[in-house]
Amino acid sequence: MASSRVLLALSLALLTLTVASLPGTPTALSTSYYNKRCASLQPAVRSAMARAVASDPTTAAAVLRLFFHDCFVNGCDASVLLDDDTTTNLIGEKSAFPNANSLRGYEAIDAIKSAVESACPATVSCADVLALAARDAVSLLGGPSWNVRLGRLDARIASRDAANANLPGPGSSLSSLLDAFQRKGLSARDMTALSGAHTVGRARCATFRGRAGGGANGSGGEVINATYAAELRGACGGGDGAVAPLDVATPDAFDNGYFRALMERRGLLHSDQELFNGGSQDALVRKYARDGAAFAGDFAKAMVRMGNLAPAPGTPLEVRKYCRRPN
Ligand code: HEM
């Protein structure tokens, strides 16, 4: 009896070892994953990201959003970076509705990956490059920094349908935002903290026209400051592609201005204002608006949790050489 138990334990240990060493099987993420494999990784990403932001400061917001759109669709596996490929019938995420006309930053990630390949060829995944670049984007804009857990692999596949199904839209209600994050194992607090990423970056009028026409203090169904609604109507005079800052107070600084703006009913997207509209997140929005350090701390923790989202078992994985196509 005892010996059969020992045998069972040994077989289980062997199975675990075998599965963990199969190519393409993700191992647990760790902050020290590249310490021996590629010691110069983090300075290489940081300086390439700093160069990209110096030549176009809006790149920081673009890269931060790329990381969210990667992690929410089958985990953080750089699937969002794959180009469509008719020869292999790959219809990827770039043409999905939430991404098609506004997701940016692909060239910046190409440049960072190329710097990393020069330092450590065929060693560092695009998914890890993106996780580090997103962290550096936040700190370059004056936001918090954190230790990034590493060791992700890149998917050889991507799905436009999955992107359409998993990424929340700007018209979302509070309950559907909470659902979308809960489905990823992220709490309401994580959701509100992560939405604070909208303290930087811009959105196209196509995503906020409904609010612009919202009328004085909600007469058109929107909870919105009347002067702000008029400003948005002005911005939308430039057409669907005209942009406005997501944080009207301090558009280019990673601070808590976004939450202060929500309290003034000056959230740009309907989904933003839903966080402060008499619902369950009002108290947290108030807290973040008065305590920037509390927001920064929660944001960093939530980014780590979002970065832990793993691809589904069975996803074919590798360390991609070029982020836009499988090896
Ligand atoms: C809570 C649900 C969210 C919704 C509904 C949402 C929606 C949007 C929309 C509609 C835009 C503008 C896109 C356009 O112009 O077409 C946008 C931009 C942006 N989003 Fe979100 N988002 C959400 C959460 C997040 C999260 C969690 C992050 C990052 C952690 C993030 C980062 C950004 C950034 C940085 C931009 C500006 C991008 C740029 O300037 O290029 N968003 N988001």
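## A partly exposed arginine and its partner

Let's start with Arg209, a residue that is partly exposed, with a relative accessible area of 40%. Keep in mind as you explore that this is a predicted model. Partly exposed is the right label because 40% falls between the limits of under 20% for buried and over 50% for exposed.

Which residue forms a salt bridge with Arg209? The partner is Asp240, and the closest N and O atoms of the pair are 2.8 Å apart. Arg209 belongs to helix 9 (residues 205-212), while Asp240 sits in the loop between helix 10 (226-236) and strand 3 (243-245), so this salt bridge ties together parts that are 31 residues apart in sequence. Asp240 is partly exposed too, at 45% relative accessible area.

## A network of charges

Next comes a group of residues to find in the structure. Asp83, Lys94, Glu107, Asp110 and Arg324 are joined into one network by salt bridges that share partners. One of the pairs in it is Lys94 with Asp83, whose closest N and O atoms are 2.5 Å apart. Both residues lie in the loop between helix 3 (59-71) and helix 4 (106-119), eleven residues apart.

Are these two partners buried or partly exposed? Lys94 is buried, with a relative accessible area of 14%, whereas Asp83 is partly exposed at 29%. The labels differ because the cut-off for buried is under 20%: 14% for Lys94 is below it, and 29% for Asp83 is not.

## A buried pair

Counting across the model gives 15 salt bridges. Another to look for joins Arg152 and Asp128, with 2.8 Å between the closest N and O atoms. Asp128 is part of helix 5 (126-140), and Arg152 lies in the loop between helix 5 and strand 1 (154-155), so the salt bridge connects parts 24 residues apart in sequence.

Here both partners are hidden: Arg152 is buried, with a relative accessible area of 7%, and Asp128 is buried as well, at 0%.

## The iron atom

Now turn to the ligand and its iron atom. How many donors does the protein provide to this iron? There is a single one, the NE2 atom of His198, which is 2.1 Å away. To find His198, look in the loop between helix 8 (188-195) and strand 2 (202-204).

## The annotated binding site

The unreviewed UniProt entry carries the annotation "binding site" for Thr199, Asp247, Thr250 and Asp255. These residues span 57 residues in sequence, yet no two of their C-alpha atoms are more than 9.6 Å apart, so they gather at one spot.

Asp247 lies in the loop between strand 3 and helix 11 (257-263), and it is buried, with 0% relative accessibility. Beyond its sequence neighbours up to four places away, Asp247 touches His198, Thr199, Asp255, Gly257, Tyr258 and Ala261. That brings us back to the iron, since His198 is its donor from the protein. The side chains of Asp247 and Thr199 are also joined by a polar contact of 3.2 Å.

Asp255 is found in the loop between strand 3 and helix 11. Setting aside neighbours within four places in sequence, its contacts are Thr199, Asp247, Thr250, Arg260 and Phe295. With Thr250, the side chain of Asp255 makes a side-chain polar contact of 2.7 Å.

Note on methods: Residues numbered from 1 in each chain as written. Predicted model: local features only at pLDDT ≥ 70, side-chain atom pairs only at ≥ 80, totals over all residues. Heavy atoms only, no water. Donors = N, O, S within 2.8 Å, 3.2 Å for Na, K, Ca; no water. Helix = DSSP H or I, 4+ residues; strand = E, 2+ residues; numbered from the N terminus. Salt bridge = Lys/Arg side-chain N within 4 Å of Asp/Glu carboxyl O. Buried < 20%, exposed > 50% of the residue type's maximum accessible area, 1.4 Å probe, protein only. UniProt positions renumbered as here; feature names shortened; annotations may be inferred. Contact = heavy atoms within 4.5 Å. Polar contact = N/O pair within 3.5 Å; in protein donor to acceptor, adjacent residues only side chain to side chain.
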